[in-house]
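Reader: Got a minute to go through this one with me? Put it up and we'll chat.

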Amino acid sequence: MGVYEELVERGLIAQTTDEDDIRNLINSGNATFYIGFDPTADSLHVGHFMALCLMKRLQMAGNKPIALVGGGTGMIGDPSGRTDLRSMMTIEQIDHNCECFKKQMSRFIEFGEGEGKAMMVNNADWLRDLNFLDFMRDIGSCFSVNDMLRARAYVNRMERGLTFLEFSYMLMQGYDFYMLYNKYGCNMEFGGDDQWSNMLAGTELIRKKLGKDAYAMTITLLTNSEGKKMGKTAKGAVWLDAEKTSPFEFYQYWRNVSDADVIKFIKLLTFIPLDEIKKMEEWKDEQLNRAKEILAFELTKMVHGEEEAKKAEAGAKAFFGAGNAENMPIFELSADLFTDDKIDCISVLTASNLVKTRSEGRRAIEQGGVSVNGNKVTDVKAEFTKADFAEEFLIQRGKKNFRKIVIK
């Protein structure tokens, strides 16, 4: 089985321009491909996971990845899938965010000189200094407004209003592919399925300007069995940066996926051989919990390293009654929050960010959703003394959110 056939078997491929040509190129290791990452934050998140895993799989098969960071396109913001205008970032913010990406990407792909090694390129190098009139005469003349208005990328914005700034994004992304083709021989673009229209803009621009063939392939979006995009929690995005989402929280995110999704995610995101996954497809009931542990461990290892994955796994087992709590997420509670050596439960919940407001904390207790060391808290006025924190103090809100509390 070639790498292309494996991608199909795992359910990764959504659309392709020329399937036979793409299959031959990536199976033979002759693809130089790029995937774009707009620097909307200073960390990548779970939504980028599919793309990073694809880059890793293709590089392992001998193909050359180009990670394109959007120091230029980030000044506009991709309107695909959006119902509103993205917040404008300063150039300093954009450049900082771009710098943060390479370390995280290095967990997945190997950068360096030589055949098959990955490159990181920034489209600020050719977009920020463009002359508007020259660009519109040379590149804008290759695009049909009628075709652009039919593109999925703009559908969600037409009723609410689409700015010309955002409308130009397709030209910029098409120009990226054209520049990468000229500078590095990049012959393929891969990306999420919501990028299809923008990617076709690049293949068409290369054909019109150079008379050459270039290819595009989209990968399935990471959604659960209900069709909802993965990567968000009540607290926000699930980040790949350990400072934003701890390895333990990252592990728990995947440990808590639904029974209906776990095998699908193992196929899409892990590098476990397909013949092993086929055996897992027969698993039921408690065996599915083991599958979730495997998924969580493998993905945490990929993002944070094996040592952190083992700590997260141990912490999870400690919480559910096996082992010790050494590796659970720790929150340092300020001694200044105590009054006469006491602190109420709601203050502990809010200080440790298990709830956002005191009223939310009160409701959580009233609804039976808070426990300390496995014992449910039933009194909204419950208090603890500093002596209570001298021993192990584990506080839980709901099924998935908990902290080990220590006094600093």
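Author: Sure, one term before we start: buried means under 20% relative accessible area, exposed over 50%, and partly exposed in between, using a 1.4 Å probe and protein chains only. Also, this is a predicted model, where local features need pLDDT of at least 70, side-chain atom pairs count only at pLDDT 80 or more, and totals for chains, interfaces and linings use all residues. Residues are numbered from 1 along each chain as its sequence is written, and side-chain values use heavy atoms, with hydrogens and water left out.

Reader: OK, so is Arg363 buried, exposed or partly exposed?

Author: Arg363 is partly exposed, because its relative accessible area is 43%.

Reader: Which helix does Arg363 lie in?

Author: Helix H18, residues 358-366. Helices (H or I, at least four residues) and strands (E, at least two) are DSSP runs here, numbered from the N terminus.

Reader: And how far apart are the C-alpha atoms of Arg363 and Gln287?

Author: They're separated by 35 Å, with the two positions 76 residues apart along the chain.

Reader: Zooming out, how many helices and strands does the protein have?

Author: The count comes to 18 helices and 15 strands. Of the 408 residues, 50% count as buried, and the C-alpha atoms fill a box of roughly 75 × 50 × 40 Å along the principal axes.

Reader: Switching to helix packing: how do H13 and H15 cross?

Author: The axes of H13 (residues 262-269) and H15 (residues 286-304) come within 9 Å and cross at roughly 30 degrees. So H13 is roughly parallel to H15, a label for angles under 35 degrees, with over 145 being roughly antiparallel, 65 to 115 roughly perpendicular and the rest oblique. The axes are lines fitted to C-alpha atoms, for helices over the stretch in contact, and angles run from 0 to 180 degrees between N-to-C directions.

Reader: Which residues meet there?

Author: Val262, Ile263, Phe265, Ile266 and Leu269 in H13 meet Leu288, Ala291, Lys292, Leu295, Leu299 and Met302 in H15. Contact means heavy atoms within 4.5 Å.

Reader: Last topic, how many disulfides does a search of the whole structure find?

Author: Zero, where a disulfide is a pair of cysteine sulfur atoms within 2.5 Å.

Reader: Why is there no bond for Cys53?

Author: Because its sulfur is 20 Å from the closest cysteine sulfur, in Cys186, which is too far. Cys53 is also buried, at 0% relative accessible area.

Reader: And what about Cys142?

Author: The sulfur of Cys142 is 18 Å from the closest cysteine sulfur, in Cys186, so that is too far for a bond as well. Cys142 is buried, with a relative accessible area of 16%.
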